[in-house]
Amino acid sequence: MEIESSIRCFAALAQENRLATLKLLIKAGPQGSSAGAIADALGLPAPTMSFHLKELERAGLIHSRKEGRSVIYAADYGGLRELIDFLLADCCQGDKRLCGPYVIRSEAS
């Protein structure tokens with residue numbers, strides 16, 4: 001992940017409703033949830049929810065798919081993993097006792 005991509009992710013997550021949305025979608029699993037159900041769960045109007053979902057999708061943290069007349073959103077686990085890998089790539093100077101499976105660069109070397 002490039003620095004610009006990580007900044008987009010952090011900017012998207014630096015808002016309470018978007019962070020809550022992502023946590024809800026992570027909990028929902030790969031099947032995801034409809035935009036309406038997410039808005040209801042968070043008590044947000046549809047246009048506001050739509051704005052937040054677009055920001056999270058633009059950052060690569062969620063993705064959407066059409067199912068009939070509904071749009072279903074789900075966490076993008078690949079995008080989340082990239083962000084986590086970016087943060088922990090140089091964790092603890094590569095000491096696997098402290099960072100376990102999150103040491104990325106030392107394994108690729």
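Author: A residue counts as buried when its relative accessible area is under 20%, and as exposed when that area is over 50%, with partly exposed in between. This cut-off is applied here to a predicted model.

Reader: How is S6 to be classed, as buried or exposed?

Author: S6 has a relative accessibility of 4%, so S6 counts as buried. The residue belongs to helix α1, which covers residues 3-13.

Reader: Which residues does S6 touch, if those up to four places away in sequence are not counted?

Author: Contact means that heavy atoms lie within 4.5 Å. On that basis S6 touches M1, L83 and F86.

Reader: I should like to place this in the chain as a whole. How many helices and strands does the chain have?

Author: The chain has seven helices and three strands. Along the sequence their order is α-α-β-α-α-β-β-α-α-α. Of the 109 residues in the chain, 32% are buried.

Reader: What share of the contacts with a separation of 6 or more joins residues 24 or more positions apart?

Author: That share is 48% in this chain. A59 offers a case of two residues that lie far along the sequence from each other: 51 residues separate A59 from R8, while their C-alpha atoms are 5.3 Å apart.

Reader: Where does A59 lie, and which residues is A59 in contact with beyond its neighbours within four places in sequence?

Author: A59 is located in the loop that joins α4 to β2 (62-67). Its contacts, with those neighbours left aside, are R8, C9 and A12. A59 has a relative accessibility of 11% and therefore counts as buried.

Reader: Let us turn to the helices. How does one judge the reach of helix α2?

Author: The expected span of a helix is 1.5 Å times one less than its number of residues. Helix α2 has 13 residues, and the distance from its first C-alpha to its last is 18 Å, close to the expected 18 Å. Helix α5 (residues 77-88) can be read in the same manner: it has 12 residues and reaches 16 Å, close to the 16 Å expected.

Reader: Which residues of α2 are buried, and where do they fall when seen down the axis?

Author: The buried residues of α2 are R18, T21, L22, L25 and A28. Viewed along the helix axis, these buried residues occupy an arc of 120° and so line one face of α2. The face turned away from that buried side carries the exposed residues E16, K23 and K27.

Reader: What surrounds L25?

Author: L25 is part of helix α2, and L25 is buried because its relative accessible area is 0%. Residues up to four places away in sequence aside, L25 touches S33, I38, I62, Y73, A74, A75 and Y77. For one of these, I38, the separation is 13 residues along the chain and 8.4 Å between C-alpha atoms.

Reader: Y77 appears in that list. Which helix holds Y77?

Author: Y77 is in helix α5. At 35% relative accessibility, Y77 counts as partly exposed. Apart from residues up to four places away in sequence, Y77 touches L25, I26, G29 and P30. Its C-alpha atom is 7.4 Å from that of L61, which is 16 residues away in sequence.

Reader: Which residues of α5 are buried, and what covers them?

Author: The buried residues of α5 are G79, L80, L83 and D85. Their cover includes α1, α2 and β3 (70-75).

Reader: How are helices α2 and α4 arranged, roughly parallel or roughly perpendicular?

Author: Crossing angles from 65 to 115 degrees count as roughly perpendicular. The axes of α2 (residues 16-28) and α4 (residues 46-58) come within 10 Å and cross at roughly 70°. The two helices are therefore roughly perpendicular to each other. In this contact α2 contributes N17, R18, T21 and L22, and α4 contributes M49, F51, H52, L53, E55 and L56. By character, the residues of the contact are five nonpolar, three polar and two charged.

Reader: K54 also belongs to α4. Is K54 buried or exposed?

Author: K54 has a relative accessibility of 54% and therefore counts as exposed. The C-alpha atom of K54 is 9.9 Å from that of R18, with the two positions 36 residues apart along the chain.

How values were computed:
Residues are numbered from 1 along each chain as its sequence is written. This is a predicted model: local features need pLDDT of at least 70, side-chain atom pairs count only at pLDDT 80 or more; totals for chains, interfaces and linings use all residues. Side-chain values use heavy atoms; hydrogens and water are left out. Axes are lines fitted to C-alpha atoms, for helices over the stretch in contact, and angles run from 0 to 180 degrees between N-to-C directions. Helices (H or I, at least four residues) and strands (E, at least two) are DSSP runs, numbered from the N terminus. Angles under 35 degrees count as roughly parallel, over 145 as roughly antiparallel, 65 to 115 as roughly perpendicular and the rest as oblique. Ala, Val, Leu, Ile, Met, Phe, Trp, Tyr, Cys and Pro count as nonpolar, Asp, Glu, Lys and Arg as charged, and the others, Gly among them, as polar. Buried means under 20% relative accessible area, exposed over 50%, partly exposed in between (1.4 Å probe, protein chains only). The arc is that of the directions from the helix axis to the C-beta atoms.
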